[in-house]
Amino acid sequence: MSVSHRFWFLVGMVLCATILCSAGAIWFTSTPFLEANQAKVIQDQAEKEARAFDNELAQYQQLLQFVAAQENVVSVVIGYVENADVVSNYFETLPRPDGLISVTLLDALQEVTAHATLQGAPKEAVKSPEWIAAFEETIKAENRYAPAVVKLIQDTQAPYLLMAVPVFNRGFAEGVLVAEVDIDFDAVFTANNVTRRSFVAAADPGFVAEQEALGHWVESVAHDQLSLVSIPDVEATASAGRMLLFNVMTAISATLLVSFSIFAWLGRATIVMPHKALEQQKEHLSELAAVAENANDAILVTDLEQRIIWGNPSFEALSGYKISEVRGRKPSNFLQGADTDPGTRAALSHAVRARTAIKAEILNYAKSGTPYWIALSITPLAREDGQIYGFMAISHDVTMERQQRDDLAAANKATEHLARHDPLTGLPNRRVLNEELEKRAKGEVPHATLLRIDLDHFKNINDTMGHDAGDYVLTIIAKILTENSRKTDIAARVGGDEFIVLMSAGATSDQAVKLGRRILEKINEPHSYEGKPLRIGASFGVASTLDGLIPLEELISSADAALYKSKESGRNQVVHYGSSLHDAVCFNREISILMQRALTEEQFEPYFQPQICAQSGEICGFEALARWHSPELGVVMPDVFLPVAAQMSCIEEIDECIFRKGMKVARDMQRRNLRFPKVSFNVTAARIRTLANDIELREVPANGPKVAFEILESVFLEDQTDLFREALNKIRDRGYLIEIDDFGSGHASIVGLMQIKPDFMKIDRRLVMPILKSKQSANLLSSIMEMGKTIDVKIVAEGVETEDHALILRHLGCDVLQGFHFSKPLPHAELVKFVEGYDPRRFFPSRQWTKRA
Amino acid sequence: MLRLMLMSVIGVLGSLVPLASPADNAPVPPSEPVLEVHIDADYSIASHAAEAIESGLASALSETGYEVAGTTLKLVRRDHRANVKRSRTHMEDFLNSTNAIAMVGGMHSPPYLTHRDFINENDVLFLLPWSAGGPITRGESGGENWLFRLSVDDTKAGGYLISRAVDQAGCQAVSLILIDTGWGRANHKTLTAALDQRGMIPASTHYFDVTIGQATAKRLAEDVRRSGADCAVLLADWDNGAQVVNVLADLDQPIRTFSHWGIMGGPFAQHVTPDTRDRLDLEVLQTCGLAREMSGNAALQLALSHAKGEPTELADVPAAAGFVHGYDLGRIFVAAVAQAAETPAWDGGIGQKRDAVRLSLESLEAEVEGILGSYEKPFDAYDVSSPDAHEALGRSDLCMARFAPEGHLIHAP
């Protein structure tokens with residue numbers, strides 16, 4: 001039988017027993033009560049009937065007293081007035097009870113003064129002994145409200161009542177009003193289930209005693225003048241008692257049923273269900289015990305003092321201890337040893353004292369003395385009421401895992417180091433530097449000072465001595481940086497030959513400049529590689545937010561600007577990003593902003609500097625030079641805007657603009673029929689490649705001026721690829737000429753020159769200008785001229801400042817002259833005037849020229 | 001001469017005999033024959049009147065030591081409680097008695113109006129010191145008249161009251177407020193006749209029962225107001241009279257009220273405040289005892305000196321009219337008994353004695369000095385042609401009185 005079935009069976013049994021016991025108890029205890037109640041019910045009924053009878057009488061009494069108090073009735077009684085109808089006058093007009101048979105007014109002498117028959121045939125008043133007795137009792141009344149005298153007349157036909165009230169004259173009873181009253185006893189004593197019959201009798205003590213002896217209930221009525229006898233219906237009241245008992249038992253049974261239902265429902269919830277849950281729990285615990293017994297994890301259960309109570313076979317296998325030999329001992333006393341981390345031991349100890357759960361890895365020692373790592377989880381064991389009674393320690397061997405993890409951590413650390421350091425020099429890389437700068441930016445004082453270092457001509461070392469030498473140089477630099485900077489400084493390698501030293505927080509730009517110079521001194525000291533001397537130079541740019549010029553995020557770019565300035569100013573020096581440099585940078589920045597609009601609005605205009613044929617003195621071409629017509633800045637020269645344009649990578653756009661506008665001028669000159677034989681445009685190597693691929697680049701018309709593109713000599717140094725040469729050829733195929741600009745300033749190789757085969761070579765002005773004073777220069781130019789002729793390339797000399805220059809160059813065999821001696825670069829309008837008014841004699845006065853028609 | 005002698009005898013005896021005792025406690029020498037005088041009066045409701053009558057009688061009898069011609073006179077109280085029928089019983093008791101010589105009536109007229117014929121037919125010697133009903137002393141033609149009155153006679157009282165109200169007080173409209181008894185109804189005739197003589201009719205006439213209640217009284221007063229009367233004539237006993245007077249005084253317009261003396265049978269003044277009395281300008285019919293007192297009266301002083309409680313003036317005696325009339329009638333009775341005792345009939349039975357006294361009253365030889373004056377032949381043999389033969393007093397004996405603030409009556413000129 002299940003718990004549930006046992007429970008319901010017991011509840012049912014107890015319910016039945018309770019109902020039976022209740023019934024017995026109620027029967028036993030209520031019987032006297034019912035008997036008393038039965039008597040009480042009979043008494044109540046008798047009293048009720050008595051009250052009903054008295055109430056019935058009261059209405060007659062009140063009516064009689066009312067009439068007796070009437071003034072004319074009194075007048076009749078005391079003889080002031082004779083009126084035999086005075087009674088009937090009242091009773092025949094007033095509403096009266098049905099039982100009134102007759103009313104008679106007697107005076108003080110018992111004489112009938114007035115009489116009225118109200119029921120049946122009229123009849124005279126007959127003074128019987130009862131009448132006389134009633135009169136004599138009534139006339140003694142002390143006041144008119146005294147209770148009426150009532151007599152029961154046992155007539156042969158039916159009993160009736162005689163009721164008498166006094167007639168008072170100013171405080172004295174002077175007569176009696178007597179009424180015969182036929183009470184309808186059936187109406188007064190209504191049928192009920194308590195009494196069988198009730199009747200009225202004279203108030204005779206002997207009769208009363210006799211009736212009471214018969215078990216009848218006797219009540220005094222009519223102010224003790226009569227007795228009301230109630231004969232109880234014993235069987236009916238007993239039956240009512242039994243019915244009451246039955247009803248009570250039914251109600252109690254119903255109540256018990258409801259109560260037991262509630263009890264059963266609650267009991268099911270509080271006893272059966274928990275019991276079931278307990279059984280399930282027990283089953284579950286058994287399963288858990290089996291699981292624990294067979295678990296791979298080592299499990300120990302201890303008491304609150306951490307003494308072992310129970311352990312599973314896995315523990316024995318892991319530790320080498322038998323449970324039987326360690327039961328009652330503290331695990332910490334025999335499992336932990338010399339190398340066990342004291343911090344972990346303290347943490348475990350603290351958690352146990354605090355009765356909190358803890359997880360830890362800890363080094364244990366097996367019985368054999370072999371150390372092993374375990375992942376340990378200690379959990380307090382609590383009873384249902386929350387009371388903690390012990391601990392459970394679950395552990396498993398993590399020695400292998402731990403070893404792997406350590407290895408992995410070491411690998412990660414190495415990777416991390418690699419990711420953050422330059423493998424060659426061991427210096428932190430840009431990432432470390434950026435992190436530090438970000439940290440500074442988030443700090444309370446977002447300031448930093450740094451030193452940017454770029455080796456001068458490092459490429460040469462690589463090129464000339466090989467990369468190993470370059471690496472060696474870089475290593476030396478790193479060493480110098482490390483040795484000369486403080487430990488709190490961060491010296492990082494941020495590019496091939498670029499380094500940055502981020503000074504410690506608070507360091508000023510002065511300190512950085514000093515550090516830079518110290519480092520530069522060390523760098524400049526003689527070094528050697530594989531016995532070969534090495535000369536190393538470096539440029540330094542110093543910038544600091546503490547100077548109040550720049551925010552932290554512009555620090556590197558500002559240092560870069562200073563470095564650039566250093567390079568520009570001759571390298572191998574330390575340049576501080578001060579206010580003047582800052583102004584220049586700001587100016588460039590402003591220019592760059594204006595330039596973006598200038599490009600959109602095509603504010604760049606071509607200026608044309610004439611090129612004069614040295615032999616004929618005639619105009620043989622123009623070089624189109626870019627000028628920026630800025631609404632804000634006026635006419636800006638290329639040396640100002642080109643560096644900015646280079647930084648913005650928009651030189652090509654400017655070139656394209658100048659080319660387009662220059663060609664437009666050329667067409668205008670042609671239309672004007674003015675001499676405009678050739679026009680040259682400066683282009684970059686990139687522009688060459690773009691033009692070569694520009695399918696819209698039209699061929700140079702045969703009837704128009706020649707068009708040439710000037711390419712810097714340095715371009716050939718940097719970009720002598722086949723691709724570039726192919727591009728040049730494509731352009732040349734469309735009729736364009738190629739000129740080498742600033743020849744002599746670079747290191748163009750003759751071979752390269754031969755491969756390109758330019759149409760013109762423009763000699764750098766720095767070679768031209770000294771020829772008046774330097775024989776050597778003149779000889780050099782002469783050689784160049786010779787070379788030009790040899791390879792069939794025309795020579796253009798720039799920087800022709802004076803007539804002497806012109807004469808000498810012509811003499812030396814130069815083909816074309818260009819310079820301020822002839823004209824500065826001219827805008828379109830002035831160009832027109834220049835050509836229109838051109839006379840070679842103005843520029844070669846010492847020679848006779850034939851003006852061309 | 002005889003009168004003087006009698007007076008002197010009476011005076012001597014009065015000085016020798018102690019104060020009169022109450023009637024039922026009067027000392028009676030056992031050796032002498034005793035004749036009873038039954039006082040048929042209302043000792044319960046209108047006890048003041050009954051007591052005053054008895055006091056007046058006792059005072060008169062005490063002057064002879066309750067003894068006349070060797071016969072002791074004893075006063076016997078018979079309380080009829082204003083019940084006419086009980087009074088009849090007393091009469092029958094009287095007739096059954098062998099030593100009851102006379103009956104003295106109380107203030108109520110109804111018993112004697114009702115039983116007048118019985119009295120006359122059965123020879124009940126009746127002395128009436130208060131009851132005023134006119135027909136009482138005027139029996140059927142041809143019969144004997146056994147009722148002798150020394151009191152106000154309503155045949156005259158009505159005329160006197162109307163005369164006082166209309167002729168003296170100048171009333172324009174007179175309402176009649178009458179107790180609904182034979183007495184009241186009898187007075188109605190005389191009052192209306194008196195008004196008729198003046199060319200007037202009653203502004204209204206109101207009868208009330210002997211036990212008038214508050215509500216009935218208020219309705220009555222309202223009816224009087226609506227009638228437009230400025231004066232009222234009131235016939236009532238003391239308690240009903242007090243009830244009526246109190247509601248009349250509540251009217252917005254006060255009604256001057258002239259009352260018959262029926263209201264003096266009880267503590268009327270205690271139930272009607274001086275303000276109420278003044279508001280109604282209440283006057284009460286009296287015989288002229290008060291006027292006599294004012295003018296100095298030796299007989300009164302003598303009577304008072306024998307009276308119970310030794311009053312010094314009439315104001316000390318409640319219902320003084322009863323005392324005065326009782327005393328005066330007592331002295332006349334004593335004189336009549338004395339005169340009868342001289343006749344042979346006095347030796348006969350009680351019936352003969354009563355008749356001897358009756359005849360002596362109708363032919364009294366002695367002049368009797370009373371409070372209200374000297375009585376010379378106060379009564380005569382009765383005949384319908386001499387309706388006042390059994391009346392000791394006449395209209396000239398009537399006066400009006402008013403209430404002093406303290407409640408006693410004072411003469412109203």
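**Exercise 1. Describe the backbone over residues 7–28 of chain A.**

Solution. Over residues 7–28 of chain A, the chain is 100% helix and 0% strand, with the end C-alpha atoms 31 Å apart. Helices here are DSSP runs of H or I with at least four residues, strands are E runs of at least two, and both are numbered from the N terminus. Now the record: an unreviewed UniProt entry annotates residues 7–28 of chain A as "transmembrane region". UniProt positions follow the numbering used here, feature names are shortened, and annotations may be inferred rather than shown by experiment.

Some ground rules before going on. This is a predicted model, where local features need pLDDT of at least 70, side-chain atom pairs count only at pLDDT 80 or more, and totals for chains, interfaces and linings use all residues. Residues are numbered from 1 along each chain as its sequence is written, while chains are lettered from A and ligands numbered from 1 in the order in which they are written.

**Exercise 2. Work out the strand order of the six-stranded open sheet in chain B, and find its edges.**

Solution. Start with the order: 2-3-1-4-5-6, with mixed pairing. Two strands pair if DSSP finds at least two bridges between them. Next, the edges: strand 2 (67–68) and strand 6 (147–149) of chain B each have a single partner strand, so one side of each has no neighbour in the sheet. Then zoom in on strand 4 and strand 5 (residues 126–128) of chain B, which pair in the parallel sense over two bridges. There, M103(B) sits opposite F126(B) of strand 5.

**Exercise 3. Place helix 3 of chain B against that sheet.**

Solution. Helix 3 of chain B lies across strand 1, strand 3 and strand 4 of chain B, at about 170 degrees to strand 1. Angles run from 0 to 180 degrees between N-to-C directions, with axes fitted to C-alpha atoms, for helices over the stretch in contact. Contact takes C-beta atoms, placed from the backbone, within 7 Å.

Check its length: helix 3 (residues 84–96) has 13 residues and reaches 19 Å from first C-alpha to last, close to the 18 Å expected at 1.5 Å a residue. That expected span is 1.5 Å times one less than the number of residues.

Now its buried residues, which include H90(B), M91(B) and F94(B). Buried means 20 or more other C-beta atoms within 10 Å of the residue's own, exposed means 12 or fewer, and partly exposed is in between. The buried residues of helix 3 pack against strand 1 (100–107) of chain A, as well as elements of chain B including helix 4 (110–122).

**Exercise 4. Which residues have the most contacts inside the largest nonpolar core?**

Solution. A nonpolar core is a set of buried Ala, Val, Leu, Ile, Met, Phe, Trp, Tyr and Cys residues joined through C-beta atoms within 7 Å. The largest one has 197 residues, and A164(A), L177(A), F126(B) and V174(B) have the most contacts inside it. Helix 13 (residues 320–340) of chain B gives the largest share, 14 residues.

**Exercise 5. Are E602(A) and D792(A) exposed or partly exposed?**

Solution. E602(A) counts as partly exposed because it has 14 C-beta neighbours inside 10 Å. D792(A), with 8 C-beta neighbours inside 10 Å, counts as exposed. Now the backbone: phi is near 50 degrees for E602(A) and near 65 degrees for D792(A). E602(A) is in the loop between helix 18 (579–601) and strand 21 (604–613) of chain A.

Key: Contact = placed C-beta atoms within 7 Å.
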